[in-house]
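Hi,

Here is the structure I promised to pass on. Have a look at it first, and then read my notes below.

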Amino acid sequence: MMPRLLVARSAADGGLQLGDNAAMPSTDTAQAPAPLPPFKSVRYAGRAPGPRLIVTGAVHGNETCGTRGIERVMADLDSGRLVLQAGSVTFVPITNAKAYVLGRRAGDRNLNRALQPTAEPREFEDHVANWLCPLLAEHEVLLDLHSFQSPGRAFVMVGPRDNTGPLEPFAHAADEEALARRLGVGRAVDGWLDTYATGVARRRAAAEAEGRSGTLDLHPRYGVGTTEYMRSQGGWALTLECGQNDDPQSPEVAYAAIRQTLAHLGLTAEAPPPVVSPMEALSLVDVIDKVHNDDAFARPWQSFDALRAGDLIGTRANGEAVHAPHDGWIVFPNPRSEARQEWFYLARASGRF
Ligand SMILES: [Zn+2]
């Protein structure tokens with residue numbers, strides 16, 4: 001009921017167009033904004049009962065491997081080359097249409113932060129959230145397909161271990177682990193929301209000490225994206241980072257992962273996918289912010305570069321050296337981040353897989 005109402009409204013108001021938001025860069029040359037495509041999902045259902053899966057692509061608009069992989073699997077289903085025998089699968093080929101049309105990560109803001117429905121949508125991503133969140137909640141399992149900027153191997157991000165804590169209580173860790181082992185990638189990462197919340201708490205304490213008022217990005221749940229929202233609704237979810245944004249192999253990784261997910265969940269009658277072994281398992285354990293814009297890395301780090309305790313990671317603008325506190329890996333290093341924003345994450349071996 002809810003999603004149909006929202007779809008009807010978004011199609012009817014016609015107001016969601018490029019350039020319709022004050023946050024968009026404007027130019028003086030009068031040019032009619034290109035209309036954005038409507039929100040679109042396509043659902044296939046088998047005759048037998050089974051899990052309800054949803055697969056999303058282009059949550060970040062310049063990460064198109066998922067869109068390509070989804071299009072291929074839909075063509076397989078439409079042609080009868082692949083038969084859906086049980087359950088259902090919903091495909092969202094382009095989750096963030098504005099970012100996708102612009103060919104960049106975000107439209108007005110990162111859709112994968114503070115994701116929740118809102119009564120007062122302002123930015124484009126608020127409208128996406130009002131459509132996407134109820135849609136996610138209709139499903140049990142989410143496979144969210146992404147890619148990344150710098151070179152590197154594909155990896156899967158899993159949720160927390162089962163827990164009853166306040167931040168992200170969860171009871172489907174075994175389901176996520178079983179699927180994560182069968183996506184054809186050899187590296188799994190957990191600890192996202194915990195570590196993100198730790199960083200937020202630290203940033204917030206610093207802001208309060210300096211008398212700055214709280215903003216949205218100082219909220220503990222700011223780290224909630226598609227998978228965290230799915231878990232908050234009783235489902236389970238994986239983010240698959242399929243490879244580098246423009247690597248022709250990334251759409252292949254996405255396509256294979258969707259096919260393997262369908263087989264693993266019994267939605268198709270194909271042979272169950274093989275378990276990847278060994279699987280490298282990492283936990284994000286800390287996030288280090290820049291203190292000053294000119295804090296600089298000691299070398300051009302890439303995600304998952306190995307660290308030994310004591311390695312020089314970078315130097316603060318005041319000359320203070322930043323060393324690795326333990327063996328592990330550097331993850332999501334961002335040399336261009338600004339003061340009080342995430343500079344890099346630290347990960348340790350987790351032994352979870
Ligand atoms: Zn992404």
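Let me start with a small detail: Phe297 has Gly314 in E11 as its bridge partner. Strand names like this one come from DSSP runs numbered from the N terminus, with helices (H or I) needing at least four residues and strands (E) at least two. Before going on, note that this is a predicted model: local features need pLDDT of at least 70 and side-chain atom pairs count only at pLDDT 80 or more, while totals for chains, interfaces and linings use all residues. Residue numbers start from 1 along each chain, as its sequence is written.

That bridge belongs to the pairing of E9 with strand E11 (residues 312-315), which run antiparallel and are joined by 2 bridges. Strands count as paired if DSSP finds at least two bridges between them. E9, E11 and E12 make an open sheet of 3 strands in the order E9-E11-E12, with antiparallel pairing. Its edges are strand E9 (296-297) and strand E12 (321-323), each pairing on one side only.

Now the other sheet. This open sheet has 11 strands in the order E1-E3-E2-E4-E7-E5-E6-E8-E14-E13-E10, and the pairing is mixed. Strand E1 (42-45) and strand E10 (305-307) sit at the edges, each pairing on one side only. On average, neighbouring strands here are turned by 30° against each other, direction ignored; axes are lines fitted to C-alpha atoms, for helices over the stretch in contact, and angles run from 0 to 180 degrees between N-to-C directions.

Within that sheet, strand E8 (residues 280-289) and strand E14 (residues 342-349) run antiparallel, with 7 bridges joining them. Ser283 is matched there with Arg348 of E14. E14 also pairs with strand E13 (residues 328-331), again antiparallel, over 3 bridges. In that pairing Trp329 stands opposite Ala347, and Val331 has Tyr345 as its bridge partner.

As for the whole chain, it has 8 helices and 14 strands. Of its 353 residues, 40% are buried, meaning that 20 or more other C-beta atoms lie within 10 Å of the residue's own, with C-beta atoms placed from the backbone (12 or fewer is exposed, in between is partly exposed). Contacts are C-beta pairs within 7 Å, again placed from the backbone. Among contacts between residues at least 6 apart in sequence, 71% join residues at least 24 apart.

What about the core? The largest nonpolar core (buried Ala, Val, Leu, Ile, Met, Phe, Trp, Tyr and Cys residues joined through C-beta atoms within 7 Å) holds 82 residues, of which Val55, Leu143, Val156, Leu238 and Ile258 touch the most other members. Helix H4 (residues 124-137) gives the largest share, 8 residues. Domain 1 (34-277) and domain 2 (286-353) both contribute, so the core lies between them; the bounds come from an automatic or database domain assignment. Leaving out residues up to four places away in sequence, Val156 touches Ala180, Leu183, Val185, Ala188, Leu238, Thr239 and Leu240.

Finally, two helices. In H5 (residues 173-180), the buried residues are Glu176, Glu177, Leu179 and Ala180. They fall within an arc of 165° seen down the axis, so they line one face of the helix; the arc is that of the directions from the helix axis to the C-beta atoms. Their cover includes strand E5 (155-157), strand E6 (187-190), strand E7 (236-244) and helix H8 (249-264). H8 itself lies across strand E2 (48-56), strand E3 (86-92), strand E4 (141-148) and E7, at about 155° to E7.

Cheers

How values were computed. Two residues are in contact if their C-beta atoms, placed from the backbone, lie within 7 Å.
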